[in-house]
Amino acid sequence: MDKLYWLDQIKLQDRAQVGDKAFYLSRIMQRGYPVVPGFVVSAEILRQFLENLNSSESLVADLPHSSLHLDVTNWRQLQQVAGRLRQEILTATVPQDWVSTIFQAAREWQTGCLILRPTLAVSTATPSMKNISGLLESVFCQCEPEAIAFALKRTWSQIFRARSLLYWQQAGINLQQINLAVLVQPVENAIASGLLRANSSGWEIEATWGLGIAIALGEVQPDVYYIQQETGVVLEQQLGNKMLAYGVDDAADGAFSQAVPKSVLTSDHTCLSTYLIQEAQQKQYALQQEYLQQIIALGTQLVSELGKTFTIKWTIAEQTTSGKLYITQVSSPQSAIPHGHLIRGIGAAGGRVVATALVIINPQQKPEQIPKGVILVVTAIAPDWLPLLQQVGGIITEQGGLTSHAAILARELGIAAVVNATSATTLIQTGERLLLDGDRGEVYRIRGEGGAGEANLSPHPLYFRSPLPLPHPSISPSPSSHLPMIATQLLVNLSQSSLIEQVQSFPVDGVGLLRSELMVLNILSGQHPNSWILGGRQAELLERWSEQIMQFARAFAPRPVFYRSLDWPQDLPSLSDNLQSSPQSMLGERGTFSYLQNPAVFELELKALASVQQAGYSNVNLLLPFVRTVEEFVFCRRKVEQALLTEVSQFQLWMMAEVPSVLFLLPEYVKAGADGISIGTNDLTQLLLGVDREQGRLAKVFNERHPAVMSAIAQLIQMAKSAGIPCSICGQAPALYPEIIDKLVEWGITSISVEPEAVERTYQAIARAEQRLILAVARRKLH
């Protein structure tokens, strides 16, 4: 456990690790409001705990990476799975150093009782994600190591209860999107506790004796006060029915102690007691006038922070001479962000950055250069922006999805990015200081000139949400010696020679996709290759092109490099001298069809590959993009033979399997000379489902895990096996959804190629999938 996150020190960028409840409390606390002190055990700790569960159950072994797609209508299965998962967690051992760290920190409060509050951050853009109050409950325990360990496991296990699993599935939330942290705070006896609900029509205060758990459990009918917001005048008050109260053991009268409900407290480690209220006290209001006025005054102050609509939970701690008012929870429709304007977007590339915004309204007017380190805010990004992107610190686009050009470029370059952020160029102004969180897909405007973590830099109007968390691009794969052996080949997708030095030491078997169109943008000087050829500069371009390819061949030799020939998309305005594609189509004259229309550039590519072979590198193969017909493939095959590439025995000619017709024509392609296929899930998905992958507003429909897409992938793998050729997959699907790797390995995929930032988690996912297959075979033999 690297560290605990103390409420008074939590920074803006810590939100995903500490959860919303703790984050909002920290914001209020750091603005000077009275909040019970506490620290957070981060969501990463739970992730580590789940990854280290030592269980032979395949369901448990893959728990951190499983989406747990259950048939929630099958209540028996749902209850069984929930019970098994919770039992595994409750019987597991929490590392002693974790428990010791928490215990030593909690001892500073000199209290005998702690409360562990689940604090959740869900990375999702689903509109069905609503109020989750009551889904996860707080756990009380004694301030002792054994009690702390058990309470921690009880808190964690709640996300796997049957009702929780049902909720996650109905809300469209995968377990990988759930970041569950635990807020640890001391518990003192309370004179009274309750809540304040504020809205534009008036305020309502609820109060009961003792701790607020009695209200949460519905065991009392609290007193209610109706307040006029503008004046703070009590318009009406109603006496509740308060027969019992909760308090800390050392202050509760043993004569009144009763059994604590098992749904709330553990019988072994509880530090609370329930005690009966004397009849005379039941007839009294829980709040003295002094405390009632304090709560009203606190609410009046919070209006300036939270707006007119919010809810807080409060407690009046019992101290030596008098009580002290504390806030225990805060929530508002604007998520405790003052006057926050919500815009939904997609977190496309992981990482967090604080920098100044540079807004470009018209993407057709590409600037000649961009200041280093800025956050670029633009409507859309075309691939020909690549040379400029090397300098930026972050990217925000109004258009695009997870497989759009901006998203793919950002992930490969390791630039934090949010795409499909509607109206971003209108809401953000050049020069404003922003915090961009590409993991959660959030962007904040920051006040002041200090660093991102300073308390005075509160989040302010901008707030984007991401459909899924992506790992931070700076995470490097573990040394190969620490990784298990795998049989399925793992390859990497690349285009930038600047990444070669970093990536060549990764535990990969080669380059599964060398994107030529992004690679050569660095050498074209903003001109289409046709312009170079027509201008008599073919020799110069050939030399540059050959050298680019040779850098990859040299670095990865003898490992194979699959060079994908040019697949010009439609939106390359500055390179469109001789491209006649429709400006709004993801199809157009792309792929091998364009080679038939204008073979000069393709022939130049083949000459460049031949130059690499002549330099002594036999590890470069050719991958044909977007092949529509067998006739197109035959044309390209002839060109390859004329360039003498097939004279090198190791050379292989592959094709992308991304146009759905390949599902019917693959045997014909093999007869025509296809040595292998690589499944491109991005195009295959958009063509099978009829969804433009560049349209972020259709992100929910663009589902690479759709049964039709998965069935097509399974069919292609089986057809390749029957034809005796290798089958790889190089789209975004395996990197974005590691759970499908189980199926790919089971179906017999030859290799999987992913972005550099996804190498380690993909390696581990392949290893788990292969181990499960081996285990399944062993079990069948035993039976």
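This is a guided tour of a predicted model, stop by stop, with something to select at each one.

**Before you click**

Residues are numbered from 1 along each chain as its sequence is written, and side-chain values use heavy atoms, with hydrogens and water left out. Because this is a predicted model, local features need pLDDT of at least 70 and side-chain atom pairs count only at pLDDT 80 or more, while totals for chains, interfaces and linings use all residues.

**Stop 1: the whole chain**

Start with everything shown as a cartoon. The chain has 26 helices and 31 strands; these are DSSP runs numbered from the N terminus, with helices being H or I of at least four residues and strands being E of at least two. Of the 783 residues, 58% count as buried. Here buried means under 20% relative accessible area, exposed means over 50%, and partly exposed is in between (1.4 Å probe, protein chains only).

Now switch on a surface. The chain exposes about 31300 Å², and carbon and sulfur atoms supply 49% of that; the areas come from the Shrake-Rupley method with a 1.4 Å probe, and for residues only the protein chains shown count as cover. As for contacts (heavy atoms within 4.5 Å), residues 24 or more positions apart account for 69% of those in the chain with a separation of 6 or more.

**Stop 2: a five-stranded sheet**

Select E1 to E5. These five strands form an open sheet in the order E1-E2-E5-E3-E4, with antiparallel pairing. Two strands pair if DSSP finds at least two bridges between them. At the edges sit E1 (5–6) and E4 (139–142), each of which pairs on one side only. Zoom in on E1 and you'll find two bridges joining it to E2 (residues 39–41), the two running antiparallel. Trp-6 stands opposite Phe-39 in E2.

Next, add helix H5 (residues 96–107), which packs on the sheet and touches E1, E2 and E3; its direction makes about 170° with that of E2. For these angles, axes are lines fitted to C-alpha atoms, for helices over the stretch in contact, and the values run from 0 to 180 degrees between N-to-C directions.

**Stop 3: helix H6**

Select residues 145–157. This is H6, lying across E3, E4 and E5 (178–186) and running at about 170° to E4. Does its length come out as expected or not? The expected span of a helix is 1.5 Å times one less than its number of residues, so the 13 residues of H6 should span 18 Å, and its end C-alpha atoms are indeed 18 Å apart.

H6 is largely enclosed by the rest of the structure, because ten of its 13 residues are buried. Among them are Ala-147, Ile-148, Leu-152 and Trp-156, and also the charged-looking names on your list, Lys-153 and Arg-154. To see what the buried residues pack against, show helix H2 (43–51), helix H4 (75–91), H5, E3, E4 and E5.

**Stop 4: the cysteines**

Which two cysteines form a disulfide? Pick Cys-113 and Cys-271, whose sulfur atoms are 1.9 Å apart; the cut-off for a disulfide is a pair of cysteine sulfur atoms within 2.5 Å. The pair links distant parts of the chain, 158 residues apart: Cys-113 is in strand E3 (residues 113–122), and Cys-271 is in the loop between strand E10 (244–248) and strand E11 (272–276). Cys-113 counts as buried at 0% relative accessibility, and so does Cys-271 at 3%.

Cys-143 is in no disulfide, and the nearest cysteine sulfur, that of Cys-141, is 7.4 Å away. Cys-143 is buried too, at 11% relative accessibility.

**Stop 5: strand E31**

Jump to residues 751–754. In E31, Ser-751 and Ser-753 point one way, Ile-752 and Val-754 the other, and all are buried. E31 pairs in the parallel sense with strand E24 (residues 489–494) over four bridges, and Val-492 stands opposite Val-754. Strand E30 (residues 727–729) also runs parallel to E31, joined by two bridges; here Ser-728 has Ser-751 as its bridge partner.

**Stop 6: two single residues**

Select Arg-637, in helix H20 (residues 630–642). Is Arg-637 buried or exposed? Buried, with a relative accessible area of 17%. Leaving aside neighbours within four places in sequence, Arg-637 is in contact with Thr-646, Leu-653, Ala-672, Gly-673 and Asp-675.

Finish at Ile-428, in the loop between helix H13 (424–427) and strand E20 (433–437). Ile-428 is buried, with a relative accessible area of 2%. Draw a distance from its C-alpha atom to that of Ala-357, 71 residues apart along the chain, and you get 7.5 Å.
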